[in-house]
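This report describes helix packing and a few individual residues. The sequence and structure come first.

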Amino acid sequence: FYSDAVNTVSVVMSVVAVEAVGLTMGQTNLVLLLLTVVAILMSFAWGWMSDRYGPRRTLITVLISWAVGLVIGAGSLSLNATDPATGDPTPTAIGFALFLVAGAILGSGLGGVQVADRVFMVRLSPPARVGEFFGVYGLVGKASQVIGQVLYGAIVFLLLDALGVGAYQI
């Protein structure tokens with residue numbers, strides 16, 4: 001279930017940055033590049049934690065950090081201003097700062113999920129059936145990419161007229 005959220009957030013982050021926060025595509029690309037660097041660097045920390053405390057405990061910690069990051073990210077959207085002439089969102093300093101903090105937490109968690117869940121899968125799988133278990137793991141990952149994005153798109157499509165930018169917070 002968590003891979004659905006991970007894959008969906010990874011894909012729609014740029015849409016949210018442009019449509020809900022009000023960043024340009026150039027600014028969005030810079031933010032995503034920065035968050036990719038955070039994910040790479042934090043992967044080492046999550047890997048150390050997985051070795052030290054175990055993949056289950058690490059994965060739970062990562063998922064809790066993701067929940068915190070998603071709440072901060074949703075909250076950051078409500079702090080942006082709206083251009084009265086066009087109705088487009090305009091980032092405020094505090095809203096943008098919180099958006100970056102949320103992005104860093106989510107980027108960190110992206111690396112953490114990739115590190116911890118594979119080790120956890122190896123430990124859960126019977127040695128003679130590791131290939132089968134990773135096959136199902138891969139299938140679930142691919143299916144979650146489709147399901148999550150369709151659900152997210154449907155929610156935004158159905159609620160955008162009623163809630164405006166608030167539809168991106170759901």
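Is threonine 24 buried, partly exposed or exposed?

## Threonine 24

The model is a predicted one. In it, threonine 24 is partly exposed, because its relative accessible area is 45%, a value between the cut-offs of 20% for buried and 50% for exposed. Threonine 24 lies in the loop that joins α1 (2-21) to α2.

Leucine 98 stands 74 residues away from threonine 24 along the chain. The C-alpha atoms of threonine 24 and leucine 98 are separated by 17 Å.

## Helix α2 against helix α4

Helix α2 covers residues 25-53, and helix α4 covers residues 93-124. The axes of α2 and α4 come within 7 Å and cross at roughly 45°. This angle makes α2 oblique to α4, since it falls neither under 35 degrees, the limit for roughly parallel, nor in the range of 65 to 115 that counts as roughly perpendicular. The crossing of α2 and α4 is right-handed. In the contact of α2 with α4, 13 residues are nonpolar and 9 are polar, with no charged residues.

## Serine 108

Serine 108 is placed in helix α4. With a relative accessible area of 8%, serine 108 is buried, because the value is under the 20% cut-off.

Which residues does serine 108 contact, leaving aside its neighbours within four places in sequence? They are Val38, Ala39, Met42 and Trp46.

## Helix α3

Helix α3 runs over residues 55-77, which makes 23 residues. From its first C-alpha to its last, α3 reaches 33 Å, close to the 33 Å expected at 1.5 Å a residue.

The buried residues of α3 include Pro55, Thr58, Leu59 and Val62. Ser65, Trp66, Gly69 and Gly73 are also among the buried residues of α3, as are Ser76 and Leu77.

## Helix α3 against helix α4

The axes of α3 and α4 come within 8 Å and cross at roughly 160°. The two helices are therefore roughly antiparallel to each other, as the angle is over 145 degrees. In passing α4, α3 makes a left-handed crossing. The residues of this contact divide into 17 nonpolar, 8 polar and 3 charged.

Helix α4 thus takes part in both crossings described here: α2 meets α4 in a right-handed crossing, whereas α3 passes α4 in a left-handed one. The contact of α2 with α4 has no charged residues, while the contact of α3 with α4 has 3.

How values were computed: Residues are numbered from 1 along each chain as its sequence is written. This is a predicted model: local features need pLDDT of at least 70, side-chain atom pairs count only at pLDDT 80 or more; totals for chains, interfaces and linings use all residues. Side-chain values use heavy atoms; hydrogens and water are left out. Helices (H or I, at least four residues) and strands (E, at least two) are DSSP runs, numbered from the N terminus. The expected span of a helix is 1.5 Å times one less than its number of residues. Buried means under 20% relative accessible area, exposed over 50%, partly exposed in between (1.4 Å probe, protein chains only). Contact means heavy atoms within 4.5 Å. Axes are lines fitted to C-alpha atoms, for helices over the stretch in contact, and angles run from 0 to 180 degrees between N-to-C directions. A crossing is left-handed if the near helix is turned anticlockwise from the far one by less than a right angle, and right-handed if clockwise. Ala, Val, Leu, Ile, Met, Phe, Trp, Tyr, Cys and Pro count as nonpolar, Asp, Glu, Lys and Arg as charged, and the others, Gly among them, as polar.
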